[in-house]
Amino acid sequence: MATGTRRPSISRFPSVSFSKQSSVNSDGFFDDADGVDSAGAHDRQEEAEKGSVIWSTTRRKLTLVSLCLVYFAATASFAILSPFFPSEAQEMGASGTMIGLIFGIYPLVVFLVAPVLGVFLPQVGPKFTLTAGLFLCAGSQILFGFVSLLPKGEVFVVFCFFLRVVMAFGGAAADTASFAIVAGEFGTKIGVVTGAMETFTGLGFMLGPPLGGVLYSAGGFKLPFIVMGSLLLSILPVVLIILPRDENVFREKKGSLIQAAKIPGVAVIGFCILVSGIILSFLDPTFAPYMKKFGLGPSKVGLLFLLVAGSYAVSAPMVGWICDKTGKTRLVMLLGVLFVIIGILMLAPAPFLTFLPQRKVWLVCVSMALLGAAVSAYQVPCMPDMLETAKQHGMPDDITTHGVLSGIFNATASIGAFLGPTVSGLTEHYISFEWSTVVLAGILGFQASILALFTLFDQGQKSIRKYSTRRKEPFEEDNHIQA
């Protein structure tokens with residue numbers, strides 16, 4: 001990291017550099033911008049001397065730990081349904097379509113409400129938004145455990161939908177506030193911090209289904225939801241104690257969603273986030289039936305999904321560290337999408353890859369591990385890149401921008417998670433699983449081409465602006481001397 005009053009070296013690239021709130025300590029994150037600049041310069045010098053911006057204060061350590069716990073608990077709570085809920089719902093009179101919609105309503109609601117929450121986050125306050133979201137998630141999770149006591153049929157389905165909507169609203173609030181807090185608190189190290197949080201997201205997805213199955217076997221339908229809801233409630237006191245109060249939040253204005261959406265770089269990265277959401281959910285409805293051809297049952301298929309989540313969890317911090325060290329977020333994303341394409345084509349494998357062995361479990365394992373690591377390289381750099389891009393286009397480096405971009409991130413990822421099973425199911429139904437992976441690879445290739453061309457165009461524009469500035473400087477200096 002650069003020392004003195006120089007900007008961090010990461011600012012040379014399309015990643016993240018913060019000159020105000022990102023370098024202040026945890027108590028000053030929610031202060032308004034008047035006294036932040038001088039304090040931020042002083043803090044940057046101290047952080048450079050210490051060599052670590054993440055662990056510079058005890059409150060900062062506790063903030064990161066608490067947010068990681070939030071991510072793990074929220075993700076595990078979302079994932080515990082899959083082992084047992086479909087069969088229970090069928091016994092309660094829900095059709096297959098209704099069960100699919102109960103699962104799908106969560107990301108759809110997040111897509112709708114996350115941008116709005118991001119816009120109003122500066123006025124409401126990130127701490128209040130986070131605690132309210134956790135409370136809604138925990139309460140609806142516990143209540144969901146009692147839907148099995150309701151009458152079968154329409155009443156059961158309606159209450160399931162209602163509680164999933166409330167749960168999604170709370171999850172969107174918690175995720176949006178968490179991203180905004182991370183962006184302001186760990187600006188110069190947002191890559192590695194985002195990677196650490198994504199590790200806990202991967203652990204939540206990895207441990208949620210088996211934990212749900214174990215709790216269901218031990219105590220029936222109620223126990224998984226009561227345990228996970230109680231875990232979310234237990235995190236609330238930690239968040240209330242550790243995070244700063246919201247009294248000093250700059251409340252006079254809200255973020256501009258339209259201004260952010262009009263920035264080409266934000267739109268392109270938002271499309272990348274959407275596609276990454278499609279990747280993560282693409283295999284959910286079709287992979288298990290396809291693996292029956294290999295003679296693998298549900299438990300072994302679950303282990304393959306754990307392999308993806310584990311690879312993602314291990315690689316995400318390393319990806320964040322690389323982005324912070326090099327600043328080359330776009331290059332990391334392009335490499336990530338390239339390896340995603342390779343992994344998805346190897347999975348079946350694709351019909352035209354005749355040189356690969358057919359129906360080999362070891363090849364599936366290699367493909368799944370590669371997918372987990374590649375998706376982390378594709379997704380983790382997105383938020384740092386969006387933040388730096390928005391800043392370069394004149395958006396303020398404060399909670400208003402952080403909230404809006406957090407909402408965009410959660411919304412696009414959620415709509416991708418909603419579209420993934422749909423695209424996968426349709427393509428597998430009309431063609432085959434092998435060709436459905438080719439379709440996904442084609443979508444990824446199209447998106448990678450857009451990202452590569454936009455990056456080249458963006459870098460070209462920056463070079464032209466720098467050249468024009470250098471050409472003008474001598475003439476401006478001569479005019480100043482003559483004056």
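**Exercise 1. Determine whether Thr129 is buried or exposed, and find its surroundings.**

Thr129 has a relative accessible area of 8% and is therefore buried, where buried means under 20% relative accessible area, exposed over 50% and partly exposed in between, with a 1.4 Å probe and protein chains only. The structure is a predicted model, in which local features need pLDDT of at least 70, side-chain atom pairs count only at pLDDT 80 or more, and totals for chains, interfaces and linings use all residues. Residues are numbered from 1 along each chain as its sequence is written, and side-chain values use heavy atoms, with hydrogens and water left out. Next, place the residue: Thr129 lies in helix 5 (residues 126-144), helices being DSSP runs of H or I with at least four residues, numbered from the N terminus. Finally, setting aside residues up to four places away in sequence, Thr129 touches Leu121, Val124, Ala173, Ala174 and Ala177, contact meaning heavy atoms within 4.5 Å.

**Exercise 2. Work out how helix 10 and helix 15 are oriented to each other.**

Two packed helices are described by the angle between their axes and the distance between the axes. Helix 10 and helix 15 (residues 382-392) pack at about 170°, with axes 9 Å apart; the axes are lines fitted to C-alpha atoms over the stretch in contact, and angles run from 0 to 180 degrees between N-to-C directions. Helix 10 and helix 15 are therefore roughly antiparallel, a term for angles over 145 degrees. On the helix 10 side the contact includes Val266, Ile269 and Ile273, and on the helix 15 side Met386 and Thr389 are among the residues involved.

**Exercise 3. Locate Met386 within the nonpolar packing.**

A nonpolar core is a set of buried Ala, Val, Leu, Ile, Met, Phe, Trp, Tyr and Cys residues joined through side-chain atoms within 4.5 Å. The largest such core has 97 residues, and Met386 is one of those with the most contacts inside it. Helix 10 (residues 264-282) supplies the largest share of this core, 10 residues. Leaving aside neighbours within four places in sequence, Met386 is in contact with Val266, Ile269, Ile273, Leu405, Ile408 and Phe409.

**Exercise 4. Describe the course of helix 12 and what follows it.**

Helix 12 (residues 298-326) has 29 residues and reaches 42 Å from its first C-alpha to its last, close to the 42 Å expected, the expected span being 1.5 Å times one less than the number of residues. At Ser315 helix 12 bends by about 30°, and Pro317 follows within four residues; the bend is the angle between axes fitted to the seven residues ending there and the seven starting there. Just after helix 12, Gly327 takes a positive phi of about 75°.

Methods: Helix = DSSP H or I, 4+ residues; strand = E, 2+ residues; numbered from the N terminus. Parallel < 35°, antiparallel > 145°, perpendicular 65-115°, else oblique.
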